[in-house]
Each structure stands twice: as C-alpha cells, then as structure tokens.
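Hi,

Here is the model I promised to pass on. Have a look at it first, and my notes follow underneath.

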Amino acid sequence: MPTRLRWIRFSRQEAALIAITAVWGSTFLLVHWAMEHSGPWFFVGLRFLIAGLISVVVFRRVLRGIRWRDVGAGAAIGVMIHLGYGLQTVGLQTIESSTSAFITAMYVPLVPLAQWAVFRKRPPAMAFVGAGLAFVGLLLIAGPDAFSLTLGSGEIATMISTLPIAAEIILISVFAGRIDLGRITVVQLLTAGILGLLTMPIVGEGVPEFSWIWVGCAVGLGVASCLIQLTMNWAQKSVSPTRATIIYAGEPVWAGIVGRIAGERLPVLALVGGALVVLGTLASELKIVRRSRRE
C-alpha cells in the first residue's frame with residue numbers, strides 16, 4: 001500500500017507550549033546575571049518559592065479542597081523541577097553555556113524512550129524523526145567546543161540533570177487530566193522552592209550579599225516559572241511527552257534570538273541548528289497515512 005504524509009494542525013495546547021518555550025529561552029540572560037551575585041541553590045529556591053506564592057494567590061479558591069493525591073503528584077513533579085533546574089544551574093557555574101546545552105540536549109531523545117517504557121505505547125515514527133532532527137540541531141547550536149568534554153563536576157551535574165528534566169515531562173503527562181490544575185501547580189512550585197533552600201546547608205551554600213540584581217532576576221523568573229509550569233500542566237493533558245519535548249527543544253533557539261538582540265553574534269552552525277530544531281518540530285506534526293489501492 002502506498003503511503004503519504006499528512007500535516008496535523010498545531011493545537012492550541014501546542015501553540016501555548018511554543019509560546020512558553022520562547023519565554024523559557026529568554027530567561028537565560030537573567031540566570032546568567034543572577035549567578036554573578038548568588039549561589040545556585042539559593043537562587044533556584046527563591047525563584048520557585050516566589051513562583052509558588054504567586055500561584056497560591058491565583059489559585060487560592062481551589063486550594064480549599066486539596067487532596068493528598070494532589071499533594072503527592074505535585075510533590076513528585078516538584079522534586080524533579082528542583083533537581084533538574086538546580087543541577088543545571090550548578091553546572092553553569094563551571095562550564096560554558098555551549099557545553100551545558102550539548103549535555104542537556106540528551107534529554108530530547110531520552111523522553112520518547114521513557115514515554116515508551118512508561119505508557120507502553122510506541123510514539124509515532126515521525127515523532128522519533130522530529131526528536132532526532134531536534135537533537136542534531138541542538139548539537140549544532142552547542143558548537144564544536146561542546147564536543148571536547150572532560151568529566152568535571154560541572155559536566156557531571158549537568159549530565160545528571162537531564163534525568164529529572166525528562167522525568168518531569170513524563171510525570172506531568174502521567175498526572176495530567178487526573179489532578180486539579182491549580183493545586184498541582186501550587187504544590188510543585190512550592191516543593192521546588194522549599195527544597196532549593198533546604199539544599200543550601202547540605203552543600204554548604206550561604207545566603208548571598210543583598211543585590212537588586214538577584215532580587216529582580218528572582219522575581220522576574222518567578223513570574224515566568226509560574227507561567228511556564230502552569231502552561232505545561234494544562235497543555236500536556238493532550239500533548240504527548242515526545243511531542244512536547246520536541247517543542248521544548250526550541251528553547252536554545254529562542255535563547256539565541258534573545259542573545260542576538262542583546263548584541264551577541266551567532267555562528268552559521270548555530271543558525272543551521274536552529275533551523276533543524278524548527279524542522280524537527282514541524283516533522284513531528286506529520287502523520288504517515290497508508291492508502292489502499294483500488295483493484
């Protein structure tokens with residue numbers, strides 16, 4: 001039977017994920033500035049604590065009927081957020097952003113395999129094609145310097161961070177549609193924030209000297225984090241983990257665009273890589289349709 005490819009239209013949920021990925025990518029400069037004045041775990045904790053408090057105000061009405069399963073689901077996702085963002089921020093203290101991007105890109109092909117294992121359902125063939133294109137694109141964005149890896153503490157921390165990042169995406173899909181959107185958003189953000197601050201004495205990190213820079217960055221990223229997590233929780237009720245991951249792979253592309261606006265020059269390979277990430281997103285929207293021949 002001959003086959004043909006058919007476009008699947010972007011849904012509202014997928015469009016929303018593309019929008020928050022742009023917001024996600026634009027936060028890179030804020031994190032970079034904040035790390036010059038704050039430790040990683042303090043900043044991650046403060047960032048998500050602010051995001052959690054904002055979500056408490058937004059969803060204060062639905063919190064009255066909160067159940068233990070809401071707490072459990074939100075806490076599980078919150079732990080993954082804490083570990084993913086925290087370890088990635090720790091790594092950025094000692095390694096170049098291009099190296100961090102290269103290592104973090106490993107979660108892109110990891111999620112389709114994890115989805116297959118968790119949901120016992122193989123993702124569509126074009127989803128693997130899209131993930132592959134996005135992964136190659138991220139490698140090109142990272143640049144040739146990212147391939148000369150030495151396993152220092154920063155590289156190891158960033159490599160470990162890819163596991164909770166992938167787990168977060170999978171867990172959101174597991175609980176989507178079963179748990180109240182507002183409650184799970186509040187719990188996961190507060191969990192990530194509290195755990196970030198509790199990690200400080202364990203790793204020997206102190207409270208940084210006051211600076212309006214880390215205060216402003218924490219507030220701005222707190223608002224962004226609340227918006228990002230709320231949108232992820234809502235959209236992944238109908239968007240598969242694999243397709244969502246391919247969309248999230250556009251984060252370095254948006255970061256590069258923001259960097260370009262800020263005056264940074266992007267190499268040609270990075271531009272090609274960005275095009276491949278976009279192509280990967282489009283490829284994942286293709287569906288193989290088999291047509292039967294009429295006798």
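Long-range contacts dominate the count here: of the contacts in the chain with a separation of 6 or more, 92% are between residues 24 or more positions apart. (Contact here means heavy atoms within 4.5 Å.) The chain has 13 helices and two strands; these are DSSP runs, H or I over at least four residues for helices and E over at least two for strands, numbered from the N terminus. Of its 295 residues, 49% count as buried, where buried is under 20% relative accessible area, exposed is over 50% and partly exposed lies in between, using a 1.4 Å probe and protein chains only.

Before the details, the small print. This is a predicted model, where local features need pLDDT of at least 70 and side-chain atom pairs count only at pLDDT 80 or more, while totals for chains, interfaces and linings use all residues. Residues are numbered from 1 along each chain as its sequence is written, and side-chain values use heavy atoms, with hydrogens and water left out.

**Salt bridges around Asp70**

The structure holds two salt bridges, a salt bridge being a side-chain nitrogen of Lys or Arg within 4 Å of a carboxyl oxygen of Asp or Glu. Asp70 pairs with Arg67, with 3.2 Å between the closest N and O atoms. Asp70 also pairs with Arg183, at 3.3 Å from N to O. That second pair links distant parts of the chain, 113 residues apart: Asp70 sits in helix α4 (residues 68–91) and Arg183 in helix α9 (residues 181–203). Together, Arg67, Asp70 and Arg183 are linked in a network of salt bridges.

How buried or exposed are these residues? Asp70 and Arg183 are both buried; for Asp70 the relative accessible area is 0%. Arg67 is partly exposed, at 32%.

Another arginine is worth a click while you are there. Arg178 is in the loop between α8 (153–175) and α9, and it is exposed, with a relative accessible area of 57%. The C-alpha atoms of Arg178 and Asp70 are 9.1 Å apart, although 108 residues separate the two along the chain. Leaving aside residues up to four places away in sequence, Arg178 touches Arg67 and Arg69.

**How α9 packs**

Which way do the helices run against α9? Let me start with α4. The angle between α4 and α9 is about 45°, and their axes are 7 Å apart; axes are lines fitted to C-alpha atoms, for helices over the stretch in contact, and angles run from 0 to 180 degrees between N-to-C directions. The two helices are therefore oblique to each other. For the wording: under 35 degrees is roughly parallel, over 145 roughly antiparallel, 65 to 115 roughly perpendicular, and the rest oblique. α4 passes α9 in a right-handed crossing (the near helix is turned clockwise from the far one by less than a right angle; anticlockwise would be left-handed). The α4 residues in this contact include Asp70, Gly74, Ile77 and Ile81, and those of α9 include Arg183, Val187, Thr191 and Leu195. By class, the α4–α9 contact has 10 nonpolar, seven polar and two charged residues. In this scheme Ala, Val, Leu, Ile, Met, Phe, Trp, Tyr, Cys and Pro are nonpolar, Asp, Glu, Lys and Arg are charged, and the others, Gly among them, are polar.

Next comes α3 (residues 40–58). It packs on α9 at about 155°, with the axes 7 Å apart, so α3 and α9 are roughly antiparallel. This crossing is left-handed. Among the residues in contact are Trp41, Phe48 and Ser55 of α3 and Thr185, Leu189 and Met200 of α9. The α3–α9 contact has 16 nonpolar, seven polar and no charged residues.

Then there is α10 (residues 212–235), at about 135° to α9 with the axes 10 Å apart. That makes α9 oblique to α10, and the crossing is right-handed. Leu181, Ile184, Thr185, Gln188 and Leu189 of α9 take part, facing residues that include Cys226, Leu230 and Trp234 of α10. Six nonpolar, five polar and no charged residues make up the α9–α10 contact.

**One last residue**

Have a look at Thr185, in helix α9. Thr185 is buried, with a relative accessible area of 0%. Not counting residues up to four places away in sequence, Thr185 touches Ser55, Phe59, Leu230 and Asn233.

Cheers
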